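Student: I'd like a close look at one helix in this model, and then a sense of how the rest of the structure sits around it. Could you take me through that in one go?

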Amino acid sequence: MTDQLTTDPTKPAQRMRAGSLTVPLIPWVLAAALLMVLPFIFTANSAITIMNQMAITIIFALAYNMLLGQGGMLSFGHAVYAGVGGFACVHIMNMDDFFAQIPLPLLPVFGGLMGMGLATIVGSFSTRKAGTVFAMISLGVGELIAACSVIIVAFFGGEEGISGDRTYGMPFFGVEFLQQIEVYYLIAAWLLISAALMYLYSRTPLGRMANAVRDNPERAEFLGYSARWVRFFSFVASGFFAGVAGALFAINYEILTEENLNTTQSGLILLATFLGGVGFFFGPILGAIVFTLVQTVLSLQTELWGFYLGIVFVVTVMFFPGGLAGLIMMHVPAMRLGKLGLLGMPYLKTLGSGAVGCLGAAALIEMTFHARHASAGDHEMTIYWTTFDTHSVVPWIIAIAVTLIGFGIARRTAPALAEAWGQANTPDGAMR
Amino acid sequence: MTAALQLDGLKKSFGKTEIIRGVDLSIGKGERHAIIGPNGAGKSTLFNLITGRFPQSEGHIRLHGEDLAGKAPFEINRMGLSRSFQITNIFPKMTVFENVRCSLLWSMGYRYNFWSMVGRSRALTEGTDEILDQINLTARRDLPAGVLSYAEQRALEIGITIAGGADVIMLDEPTAGMSHSETDYIVELIRTVTEGKTLVMVEHDMGVVFGLADQISVLVYGEIIATGTPEAVRANPKVQEAYLGEALEAH
């Protein structure tokens, strides 16, 4: 039935050419508009701080996904390229005469080139093989450069790091970047440019071959491409955008320390990227947004935010390897069939009760933590806007009951959800 | 005239075991050459040596007169030699269209280009669709290659192998595991797409070999015991003794 549409070889070609020009532009225009108006919706200073952090993380996560998702290279030390780019930019800020001649918005180019330069050196030997060898080398280099930060004090500034002042740069059309909001628009502009460039990169011959080498390096070699060179170029490009992210960090915070390039930071960007989903271009964007929210908002609510993040990460790896983006894209077939509505009620029942169960479990964890670690005699804690005594039995019974009932209902309603899922993904009448 | 492919005293050992024990072979331009032999004779190893997957232990391999020693698979491919694999080797997660397009990129001069969009090139899209048309997979164009039927995947692999415009095509058991009708289809496909090219293939199905090849070499225990036209090989007593007897009677 659909064969007739596609057997004419010229037709799909036209469809594709038209598609590559018009349709993909819409999300970019929307994103630009959103970035423009966001500071008018969230006007608080703290909100702008979070959005800046988010935008920087998005660039970094997208750069990281050029390796992990598109090139199939698992790096445990990618913070190094962002960090070194950032350090270089702080040094440029401190070179008074030179910095006075370049406008601040151009500074990320230098950060990018620095990250790219380092990636060229490291990539020349680390991209020979993919898989475990690459991962191990990335870890080793990451540790090595993090260790350098206390040895090469002139560049890394030792334990206290180095700081600069972004406002000494040449004014950019009168803007001196004294205010947070001006920095926001600088970062937002770089976010848009970097994301667009990284997206376009994935559509070039080299970007396509990066996918091919990821899927089947041997076959790619028998098609005339050296898998090693393809990996190397991806690595260098990723290093550039990581450096850009580092430079934006330097502009935003005006200080860089060892924490910006150590393996913890490398681990966090892997986590954020994977959480968002490595299989789709927009995955790391989602991941960076959610991750930054958890890091900034949830961390204000609880000391245990890292613990919850860890659980979410493990659950993602085990049950949703496609990440958030994968979860969203799973619904596309049902949407095409116009049957997404079938899932509404079952989702509400199962996921709603599951969420209640999670909240209950979180309360138990928090109460245990409080009971064990609060200072002696401090028996009072507040959770979910309720204050109670952790040493009385009633709150424990309530929390346990809520947890069990929540998960119990979720479990009971799961088969109905599975059935609804099956229905939503089956075309009417057709058994194919 | 230099041979398309020339092997001189080729040897390969894995540890102490000698798998290829001195092969001399000359395959002329435009020839359809089949390499046959019992299981474990070293046919696939011979293929892997020629295409640069393994380094040889001794001897020379020349493609159009040029020595291939020390060359990586991608370098050999750029010199005009392309191969398929005994076990289907494609990009299963990419669409059929992308599989073929990737195999066209190098030969169309894109190399490691990162400044032009693949979707914008009319020549690339049309070239890809032309190959898809040749291998009759136009209707499967936008499906992930991994969901195709076995025979379709084999056809796709042949498409990938010929797409880059190589003039020496090496096919490792192209009809392995296929039904009769599928085999007939693939043989016809190979005949058309390798028109005017040098074809080297390993094959077990004697029907395919005698139908397609104009030269046959028989490889037994790492040595070629006979080379010649199908008739000559069929009549060769050494071949009959070593291997062909039963297979020939059955045919």
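Tutor: Here is the helix first, then its surroundings, and then the two chains as wholes. Keep in mind that this is a predicted model.

Let's start with helix α8 of chain A, residues 131–151. At 1.5 Å a residue, its 21 residues should span 30 Å, and the end C-alpha atoms are 31 Å apart, so the length agrees with expectation. Which residues of α8(A) are buried? They are A:Phe134, A:Ile137, A:Ser138, A:Val141, A:Gly142, A:Ile145, A:Ala146 and A:Ser149. If you look down the axis of α8(A), these buried residues fall within an arc of 165°, so they line one face of the helix. Over on the other side of α8(A), the exposed residues are A:Thr132, A:Val133, A:Leu144, A:Ala147, A:Val150 and A:Ile151.

So much for the helix by itself; what covers the buried residues of α8(A)? The cover includes α5 (79–94), α7 (107–126), α9 (153–156) and α14 (263–276), which belong to chain A as well.

Let's pick one residue out of that cover. A:Phe110 sits in helix α7 of chain A. With 19 other C-beta atoms within 10 Å, A:Phe110 counts as partly exposed, because a residue needs 20 or more to be called buried. Setting aside neighbours within four places in sequence, A:Phe110 is in contact with A:Ala88, A:Cys89, A:Ile92 and A:Ala247. There's also a link across sequence here: A:Val244 is 134 residues away from A:Phe110 along the chain, yet their C-alpha atoms are 7.9 Å apart in space.

For a contrasting spot in chain A, try A:Ser392, in the loop between β4 (386–389) and α20 (393–424). A:Ser392 is exposed, with 10 other C-beta atoms within 10 Å. From the C-alpha atom of A:Ser392 to that of A:Ala82 is 50 Å, and these two residues are 310 apart along the chain.

Now zoom out to chain A as a whole. Its secondary structure comes to 20 helices and 4 strands. The radius of gyration of chain A is 25 Å, close to the 22 Å that the globule rule gives for 432 residues, so chain A is as compact as a globular protein of that length. The C-alpha trace of chain A spans about 75 × 65 × 45 Å along its principal axes. Of the 432 residues in chain A, 39% count as buried. Take the contacts in chain A between residues at least 6 apart in sequence: 79% of them join residues at least 24 apart.

Next, the place where the two chains meet. Here 32 residues of chain A are in contact with 39 residues of chain B. On the chain A side, α1 (3–6), α2 (10–21), α10 (180–201), α11 (205–215), α12 (217–221) and α13 (227–253) each supply at least two residues. The most comes from α11(A), with 8 residues. Sorted by class, the side of chain A that touches chain B has 15 nonpolar, 9 polar and 8 charged residues.

Across that interface, chain B has 9 helices and 10 strands. A compact globule of 251 residues would have a radius of gyration near 18 Å, and chain B, at 18 Å, agrees with that. Its C-alpha trace spans about 60 × 40 × 35 Å along the principal axes of chain B. Within chain B, 45% of the 251 residues count as buried. Of the chain B contacts between residues at least 6 apart in sequence, 67% join residues at least 24 apart.

One strand of chain B is worth setting beside the helix we began with. In strand β3 of chain B (residues 32–36), 5 of the 5 residues are buried, so the strand is largely enclosed by the rest of the structure. Both faces of β3(B) are covered, with B:Arg32, B:Ala34 and B:Ile36 buried on one side and B:His33 and B:Ile35 buried on the other. What does β3(B) pair with? It runs parallel to strand β8 (residues 198–202) of chain B, joined by 4 bridges, and parallel to strand β9 (residues 215–220) of chain B, also through 4 bridges. B:Ala34 has bridge partners in both: B:Met201 in β8(B) and B:Ile216 in β9(B).

Technical notes: Residues are numbered from 1 along each chain as its sequence is written. Chains are lettered from A and ligands numbered from 1 in the order in which they are written. This is a predicted model: local features need pLDDT of at least 70, side-chain atom pairs count only at pLDDT 80 or more; totals for chains, interfaces and linings use all residues. Two residues are in contact if their C-beta atoms, placed from the backbone, lie within 7 Å. Ala, Val, Leu, Ile, Met, Phe, Trp, Tyr, Cys and Pro count as nonpolar, Asp, Glu, Lys and Arg as charged, and the others, Gly among them, as polar. The radius of gyration is taken over C-alpha atoms; the globule rule is 2.2 Å times the number of residues to the power 0.38. A residue is buried if 20 or more other C-beta atoms lie within 10 Å of its own, exposed if 12 or fewer, and partly exposed in between; C-beta atoms are placed from the backbone. Two strands pair if DSSP finds at least two bridges between them. The expected span of a helix is 1.5 Å times one less than its number of residues. The arc is that of the directions from the helix axis to the C-beta atoms.
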